[in-house]
Amino acid sequence: MAAHHHHHEPQGADLARAAQATLEKSGEQWTAMREQIFKALASFDKPASAYDIAEAVSKAEGRRVAANSVYRILDLFVASNLARRVESANAYVANAHPDCLHDCIFLVCDSCGQTVHIDDDHITKGVRSAAAATGFSPVRPVIEVRGTCADCDTPN
C-alpha cells in the first residue's frame, strides 16, 4: 500500500502568504517583484515558462520584465520550496504547500500539457534509497510520468 502525503493546500492570497512566510523563514526578503512573480506563477493552470511569467508580470506592471530576472527568482523559489520545476517542459508550477518539504511526482499529459503532481512518500523514499545504495547522494529527485490525462483519454 502506497504512503500518500496529505495536507491542506492554500490558494490565492493564502498561498501567497504561505509562500512569503516560507521565504522569510529561510532568511530571504519577500520583495514586490518576488510577490508579482509568485502570483503570476500561481495563476497558471499549467506549468509556465519564465517567458510566460515575464509576459504576465509585464502586463500587470505596465513595464517590461526580463525573463532572465524571472529565471533568477524562479531558481530562488525552487531552492526555497515555493515552486517546482517540471524538467521535461522547462517550466514551473507553484508549490501549493511551500511549508511542507517532500519530493513530488509529476504526471504530464502529452496531449494538453496539463501537469498534476502527486505525493507518494513511499515511492520517493524508494528512489532516494535506491540512489543511496549505489553510493549516489540524491539532492532533488525529479520523477515525471509522461502520458495522457483522463480528460484527453476519454473519447468525446
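This short talk covers an aromatic cluster, one buried leucine and a strand hairpin in a predicted model.

Let's start with the rings. A pair of aromatic rings is described by the distance of the centres and the angle of the planes. In this model the count comes to four aromatic pairs. Take Trp30 and Phe77. Their centres are 6.4 Å apart, with 20° between the planes. That pair is stacked. Where do the two residues lie? Trp30 sits in the loop between helix H1 (12-25) and helix H2 (32-43), and Phe77 sits in helix H4 (residues 67-79), so this pair ties together parts 47 residues apart in sequence. Trp30 and Phe77 are both buried.

Now Phe77 again, with another partner. The rings of Phe38 and Phe77 have centres 5.9 Å apart and planes at 75°. With the planes over 60 degrees apart, the Phe38 and Phe77 pair is edge-to-face. Phe38 belongs to helix H2 and Phe77 to helix H4, so here the parts tied together are 39 residues apart in sequence.

Buried or exposed, Phe38? Its relative accessibility is 1%, so Phe38 counts as buried. Phe77 has a relative accessible area of 0%, so Phe77 is buried too. Put the pieces together: Trp30, Phe38 and Phe77 form one aromatic cluster.

Next, Leu23. This residue is in helix H1. Its relative accessibility is 0%, so Leu23 counts as buried. What does Leu23 touch, leaving aside neighbours within four places in sequence? The contacts are Glu28, Gln29, Trp30, Arg34, Leu76, Ser80 and Leu82. Note Trp30 in that list; Trp30 is also part of the aromatic cluster. For a sense of distance, take Asp153. Leu23 and Asp153 are 130 residues apart in sequence and 39 Å apart in space, C-alpha to C-alpha.

Last stop: the hairpin. Strand E3 (residues 105-109) pairs with strand E4 (residues 115-118). The sense is antiparallel, over four bridges. Five residues lie between E3 and E4 in this hairpin. One of the turn residues is Gly113, with a positive phi of about 85°.

Look across the strands. Leu107 stands opposite Val116 in E4. Is Val116 buried, partly exposed or exposed? Its relative accessible area is 41%, so Val116 is partly exposed. On the surface, Leu107 and Val116 join Ile118 and Val145 in a nonpolar patch of about 280 Å².

To recap. Trp30, Phe38 and Phe77 make one aromatic cluster. Leu23 is in contact with Trp30. E3 and E4 form a hairpin, and Leu107 and Val116 help make a nonpolar surface patch.

Terms used:
Residues numbered from 1 in each chain as written. Predicted model: local features only at pLDDT ≥ 70, side-chain atom pairs only at ≥ 80, totals over all residues. Heavy atoms only, no water. Phe/Tyr/Trp six-rings, centres within 6.5 Å; stacked < 30°, edge-to-face > 60°. Helix = DSSP H or I, 4+ residues; strand = E, 2+ residues; numbered from the N terminus. Buried < 20%, exposed > 50% of the residue type's maximum accessible area, 1.4 Å probe, protein only. Pairing = 2+ DSSP bridges. Patch = residues over 30% accessible without salt bridge, like charges linked within 9 Å, V, L, I, M, F, W, Y side chains within 5 Å. Areas by Shrake-Rupley, 256 points an atom, 1.4 Å probe, with all protein chains shown as cover. Salt bridge = Lys/Arg side-chain N within 4 Å of Asp/Glu carboxyl O. Contact = heavy atoms within 4.5 Å.
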